[in-house]
Each structure stands twice: as C-alpha cells, then as structure tokens.
Amino acid sequence: QVQLVESGGGLVQAGGSLRLSCAASGSGFIINNMGWYRQAPGKQRELVAIISRGGSTNYADSVKGRFTISRDNAKNTVYLQMNSLKPEDTAVYYCNANIRTTTWGTLWGQGTQVTVSS
C-alpha cells in the first residue's frame with residue numbers, strides 16, 4: 001500500500017522559513033504530478049504549488065516569489081521551501097500525488113500544521 005508521509009511543519013515567526021517534506025512509501029508505483037495544498041480554519045482547501053515529474057512548476061499567486069516546490073524522483077519525495085512566511089500562511093498543509101499502482105489515482109498525506117505568528 002502506498003502512503004504519503006509529511007514532515008516539517010511547526011511554529012515560526014512572521015518573516016521566517018520552514019521546509020516541508022513529503023515522501024511516498026511502498027512499492028510498485030509510478031508518480032506523476034506532486035503538489036502541496038493548504039486549508040486554513042473555516043476556508044476551503046487550496047492549491048499552493050504543483051510540480052510535474054519533469055520539474056515544471058505552478059504556484060498560487062499568494063506564494064509566488066516566497067515558496068519553492070521541488071522534488072527528488074529517486075526518493076519519491078516532494079519539498080516545499082517556504083520563506084518570508086506571513087500569518088496568513090497559517091494552515092494545515094497537505095501533500096498530494098498523482099500515483100499509478102494498477103490504475104491512476106490521487107493520494108493525500110495526513111497533513112502538517114504550519115503556524116505563523118505575527
């Protein structure tokens with residue numbers, strides 16, 4: 001069974017940085033796109049950043065220039081480097097991957113809390 005395991009969340013002051021990691025564990029799978037989403041209290045889950053297997057990226061306007069998504073295909077891992085964090089970045093961050101085992105499907109991580117204090 002394939003799972004996404006996230007790490008790296010925490011509490012940081014405004015202007016600080018955090019790095020999130022998400023690794024896919026298991027065997028017999030292929031990963032296409034990987035991405036990060038977030039959900040703040042009382043709000044809908046939103047896309048933060050996405051990266052293709054070949055390295056093409058796309059970002060939400062609110063994080064452009066501050067966040068960087070990257071991946072290591074050999075390790076089946078995606079990263080989110082978050083700089084110049086703002087209180088409005090506070091949310092639960094979820095890793096997402098488009099994965100094929102016997103068929104293509106979407107997998108979600110368990111979520112990691114990011115809290116930015118002012």
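**Exercise 1. Which residues lie nearest the centre of the largest pocket, and how many residues line it?**

Solution.
Step 1. Keep in mind that this is a predicted model.
Step 2. Find the lining. The largest pocket is lined by 14 residues.
Step 3. Pick out the centre. Arg38, Ala40, Lys43, Glu46 and Glu88 lie nearest to it.
Step 4. Add the volume, which is about 200 Å³.
Step 5. Sort the lining by residue class. Seven of its residues are charged, four are polar and three are nonpolar.

**Exercise 2. Trace the salt bridges that start from Arg38, and state how each partner is exposed.**

Solution.
Step 1. Apply the cut-off: a side-chain nitrogen of Lys or Arg must be within 4 Å of a carboxyl oxygen of Asp or Glu. The count by this rule is four salt bridges.
Step 2. Take Arg38 and Glu46. Their closest N and O atoms are 2.7 Å apart, and the two form a salt bridge.
Step 3. Take Arg38 and Asp89. Their side chains also meet in a salt bridge, at 3.0 Å from N to O. This pair links distant parts of the chain: Arg38 is in strand β4 (residues 30-39), and Asp89 is in the loop between β8 (77-82) and β9 (91-100). The two residues are 51 residues apart.
Step 4. Check accessibility. Buried means under 20% relative accessible area. Arg38 has 6% and counts as buried. Asp89 is buried too, with 1%. Glu46 has 37%, so it counts as partly exposed.

**Exercise 3. Extend the network beyond Arg38. Which residues does it link?**

Solution.
Step 1. Start from Asp89. It forms a salt bridge with Arg66, with the closest N and O atoms 2.7 Å apart.
Step 2. Place both ends. Arg66 is in the loop between β6 (57-59) and β7 (67-72), and Asp89 is in the loop between β8 and β9, so the pair ties together parts that are 23 residues apart in sequence.
Step 3. Check Arg66. At 9% relative accessibility, Arg66 counts as buried.
Step 4. Join the pairs. Arg38, Glu46, Arg66 and Asp89 are linked in a network of salt bridges.

**Exercise 4. Describe the open sheet that contains β1. What is its strand order?**

Solution.
Step 1. Read off the order. The sheet has four strands, β1-β3-β8-β7, with antiparallel pairing.
Step 2. Find the edges. β1 (3-7) and β7 each pair on one side only, and these are the edge strands.
Step 3. Give the turn between neighbours. Neighbouring strands of this sheet are turned by 15° against each other on average, direction ignored.
Step 4. Examine one pairing. β1 and β3 (residues 18-25) pair antiparallel over five bridges. Glu6 has Cys22 in β3 as its bridge partner.

**Exercise 5. Set out the surroundings of β9. Is this strand largely enclosed or open?**

Solution.
Step 1. Count the buried residues. Seven of the 10 residues of β9 are buried, so the strand is largely enclosed by the rest of the structure.
Step 2. Look towards β4. β4 and β9 pair antiparallel over eight bridges. Gln39 has Val92 in β9 as its bridge partner.
Step 3. Look towards β11 (residues 112-117). Three bridges join it to β9, and the strands run antiparallel. Val92 stands opposite Gln113 in β11.
Step 4. Look towards β10 (residues 104-108). β9 and β10 pair antiparallel over five bridges. Arg100 has Trp104 in β10 as its bridge partner.
Step 5. Close the connection. β9 and β10 form a hairpin with three residues between them.
Step 6. Return to Val92. Val92 is the bridge partner of Gln39, and Val92 also stands opposite Gln113.

**Exercise 6. Examine the backbone of Asn76 and Ser84. What is the sign of phi in Asn76, and what is the sign of phi in Ser84?**

Solution.
Step 1. Recall the usual case. Most residues other than glycine have a negative phi.
Step 2. Take Asn76. Its phi is near 50°, a positive value in a residue other than glycine.
Step 3. Place Asn76. It lies in the loop between β7 and β8. Asn76 is partly exposed, with a relative accessible area of 22%.
Step 4. Take Ser84. Its phi is near 50°, again a positive value in a residue other than glycine.
Step 5. Place Ser84. It is found in the loop between β8 and β9. At 41% relative accessibility, Ser84 counts as partly exposed.

Note on methods. Residues are numbered from 1 along each chain as its sequence is written. This is a predicted model: local features need pLDDT of at least 70, side-chain atom pairs count only at pLDDT 80 or more; totals for chains, interfaces and linings use all residues. Side-chain values use heavy atoms; hydrogens and water are left out. Buried means under 20% relative accessible area, exposed over 50%, partly exposed in between (1.4 Å probe, protein chains only). Two strands pair if DSSP finds at least two bridges between them. Axes are lines fitted to C-alpha atoms, for helices over the stretch in contact, and angles run from 0 to 180 degrees between N-to-C directions. On a 1 Å grid over the protein atoms alone, a cavity is a set of points where a 1.4 Å probe fits but cannot get out, and a pocket is an open set with protein on both sides within 12 Å along at least five of seven lines; lining residues have an atom within 4 Å of a point. Grid points are joined across faces, edges and corners, and a volume is the space filled by probe spheres set on the points. Ala, Val, Leu, Ile, Met, Phe, Trp, Tyr, Cys and Pro count as nonpolar, Asp, Glu, Lys and Arg as charged, and the others, Gly among them, as polar.
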